Amino acid sequence: MNILRWWWDILLAFSLLGLLGIFSPLPFAIEIIIFSIYTMGCNFLLGRVGFISFGQPAYLAVGAYGTAFYLYYFGQNPYLGLFIGS
């Protein structure tokens, strides 16, 4: 019975994610998906392995700062800014 509840929770999460894509603007939905993947990675590292990784936040911060600096000083194309930040 516990396995059925686990699958039901996963099905519910994916259906809510599908509804999120319909009713919310695309950049907001993409941001939620990116931070969800980040959270799942941290949950795996801390919960299963028992280690905390400082590489993930550093990589996220460097990409965000690179994109923000490019858009602040040049501000031409946000897609190019994302490319430079990654």
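A residue counts as buried when its relative accessible area is under 20%, as exposed when over 50%, and as partly exposed in between (1.4 Å probe, protein chains only). With that in hand, A29, G41 and C42 are the buried residues of helix 2. This is a predicted model, where local features need pLDDT of at least 70 and side-chain atom pairs count only at pLDDT 80 or more, while totals for chains, interfaces and linings use all residues. Residues are numbered from 1 along each chain as its sequence is written, and side-chain values use heavy atoms, leaving out hydrogens and water.

**The whole chain**

- You'll find four helices and zero strands in the protein chain, where helices (H or I, at least four residues) and strands (E, at least two) are DSSP runs numbered from the N terminus.
- Reading along the sequence gives the pattern α-α-α-α.
- The protein chain has a radius of gyration of 17 Å, whereas a compact globule of 86 residues would be near 12 Å; the radius is taken over C-alpha atoms, and the globule rule is 2.2 Å times the number of residues to the power 0.38.
- Along the principal axes, the C-alpha atoms fill a box of roughly 55 × 35 × 15 Å.
- Just 10% of the 86 residues are buried.
- The accessible surface is about 7600 Å², with 76% of it belonging to carbon and sulfur atoms; such areas come from the Shrake-Rupley method with a 1.4 Å probe, and for residues only the protein chains shown count as cover.

**Helix 1**

- L12 sits in helix 1 (residues 2-23), and L12 is partly exposed because its relative accessible area is 40%.

**Helix 2**

- Helix 2 (residues 26-49) has 24 residues, which should span 34 Å at 1.5 Å a residue, and its end C-alpha atoms are indeed 34 Å apart; the expected span is 1.5 Å times one less than the number of residues.
- Right after helix 2 comes G50, with a positive phi near 95 degrees.

**Helix 3**

- Helix 3 (residues 55-73) has 19 residues and reaches 27 Å from first C-alpha to last, close to the 27 Å expected.
- Its buried residues are G63, T67 and Y70.
- Seen down the axis of helix 3, these buried residues fall within an arc of 65 degrees, so they line one face of the helix; the arc is that of the directions from the helix axis to the C-beta atoms.
- On the face turned away from that buried side, helix 3 carries the exposed residues V62, Y65, Y72 and Y73.
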